[in-house]
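Hello,

Please find the structure below. Some notes on one strand and on the ligand site follow it.

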Amino acid sequence: MSDAIYPNFPVLLVDDEPDWLSSLALTLESRGRISNILTCSDSLQVMDILEKVSTGVVMLDLTMPHVSGEQLLERIAERHPEVAVIVVSGLNQVETVVRCMKLGAFDYCIKTDEEDRIVGSVLRAVRMVEMRREYQELAGRLVSRELRHPEAFSSIVTADRAMLDIFSYVEAVAKSPQPLLITGESGVGKELVARAAHILSGCRGKLVTVNVAGLDDTVFSDTLFGHVRGAFTGAEQVRRGMIEEAAGGTLFLDEIGDLSIPSQVKLLRLLQEGEYFPLGSDLPKSLKARIIVATHQNLAEKEGSGAFRRDLYFRLRTHRVHIPPLRERTGDIPLLLEHFLAEAAQTLGKKKPTHPKGLAQYLATYCFPGNIRELKAMVFDAVSVHRDRMLSMDSFIQSIERLQYQCSTPAGGATRQNPFAGFDELPTFTDAAAFLVMEAMERASGNQTLAARLLGISQPALSKRLKLLKE
Ligand SMILES: Nc1ncnc2c1ncn2[C@@H]1O[C@H](COP(=O)(O)OP(=O)(O)OP(=O)(O)O)[C@@H](O)[C@H]1O
């Protein structure tokens with residue numbers, strides 16, 4: 001949650017008793033952190049307010065002069081079905097409850113109910129309205145496929161459809177108080193997406209990044225929550241934790257899949273309660289930052305094996321995006337190549353070189369386990385050693401040939417499979433060679449030099465085989 005008022009739509013409290021209105025408002029603010037509250041003690045004004053202000057939730061008394069709560073409930077359900085109405089009444093009669101629920105009430109509370117019951121009901125209604133609004137926003141954007149703030153994504157070079165859909169999604173959920181989970185292999189651009197989500201959130205505070213991989217539980221707590229003086233031996237100064245650093249902004253927790261179980265419990269509590277205790281202090285502090293988390297690991301698998309808490313996993317996955325690896329968006333390679341060539345030339349103080357025809361095609365045949373970071377490093381390496389106007393292909397070929405084995409083994413480095421192992425009847429040498437040649441030509445988009453490299457033979461040798469195939 002940011003410093004901004006919460007939720008981003010008003011909760012309207014309607015009751016003819018001003019004292020009850022102020023006490024309810026106080027309870028919602030202190031127990032539910034709901035600060036965006038409007039009150040109305042005149043039932044005649046309610047429909048006017050709803051016309052003018054985009055209210056999300058109404059808490060409605062039943063017994064009021066002029067217009068009764070039930071009449072209002074009926075009108076609201078008819079004219080503003082998007083508003084969630086919670087009836088809060090002194091009447092504890094089953095028939096009244098049933099009638100109100102039939103008229104479309106979201107919930108029915110009795111004024112003498114425990115505070116937690118009433119606050120819990122409002123929080124559920126707020127969450128439902130938030131989700132409904134996010135869904136409508138998202139559906140609208142996916143249909144129009146238009147970004148309202150494309151500048152937030154300006155550092156992410158792509159023309160890939162899946163990536164552009166991710167941008168729409170991130171834009172739609174950017175203002176949500178719920179955490180955002182970003183998954184994807186290492187180097188796909190998760191941090192860039194987190195940065196874009198932070199810009200779009202409208203929070204004026206900083207984006208504070210913490211890589212939680214390898215932090216033991218004490219260091220994790222100290223880093224995030226900070227400590228008071230004397231909290232432990234050596235704690236001579238107060239330490240502001242990263243949550244406080246990020247107040248009014250975004251806290252980005254990278255490598256969340258590596259978090260220890262005790263730290264997962266603490267993170268879950270922080271997300272659930274919106275509160276934390278600095279080490280050595282028994283005075284809680286409020287979370288005032290939006291949380292974004294990222295991991296290259298498969299959290300569903302980790303949850304299945306018990307290495308990641310289920311409750312935290314479900315809490316984190318409310319809003320989630322998966323960034324595809326570069327090998328699944330090879331259409332981006334020419335764009336990224338141009339982008340990194342310009343960046344490398346500028347950084348290294350050189351003139352931007354042109355690249356050989358076929359380089360992008362050649363790169364597209366490689367699996368890029370390190371994704372865009374790896375491509376960027378390759379381009380910088382090539383630019384740093386090149387002397388002529390035209391970039392040499394050799395530096396790329398050498399890097400790729402050195403790393404190529406990783407592509408031929410499945411993720412996780414399992415041993416190379418024999419592709420013929422499951423065949424009942426083996427193909428002849430001639431047939432197998434013909435299939436290989438056709439596959440290489442396909443992968444190299446018809447470029448014989450590239451196809452020959454993929455097969456480890458010379459271009460004339462490939463040309464000879466192609467001629468034989470045609471005959
Ligand atoms: N689409 C892109 N356009 C331009 N640069 C990109 C793009 N995607 C990634 N990069 C660059 O690649 C590098 C890796 O990106 P980033 O750190 O965001 O990846 P990551 O998924 O967070 O990696 P890790 O999991 O290792 O933390 C950065 O230098 C980033 O600027």
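In strand β10, Thr250, Phe252 and Asp254 point one way and Leu251 and Leu253 the other way; all of them are buried, that is, 20 or more other C-beta atoms, placed from the backbone, lie within 10 Å of their own (12 or fewer would be exposed, in between partly exposed). In a regular strand the side chains alternate between the two faces of the sheet. Strand β10 covers residues 250-254, and five of its five residues are buried. Strands (E, at least two residues) and helices (H or I, at least four) are DSSP runs numbered from the N terminus.

This is a predicted model, in which local features need pLDDT of at least 70 and side-chain atom pairs count only at pLDDT 80 or more, while totals for chains, interfaces and linings use all residues. Residues are numbered from 1 along each chain as its sequence is written.

Strand β10 has these partners, where pairing requires at least two DSSP bridges between two strands:
- β7 (residues 207-211) pairs with β10 in the parallel sense over five bridges, and Asn211 stands opposite Asp254.
- β13 (residues 290-295) runs parallel to β10, joined by four bridges, and Leu253 stands opposite Val293.

As for the ligand, 17 residues are around it (C-beta atom, placed from the backbone, within 6 Å). Val157, Gly189, Lys190, Glu191 and Ile372 come nearest. Helices α7 (190-201) and α15 (371-385) each supply at least two residues of this shell. Domain 2 (145-324) and domain 3 (327-417) each give at least three, with domain bounds from an automatic or database assignment.

Regards
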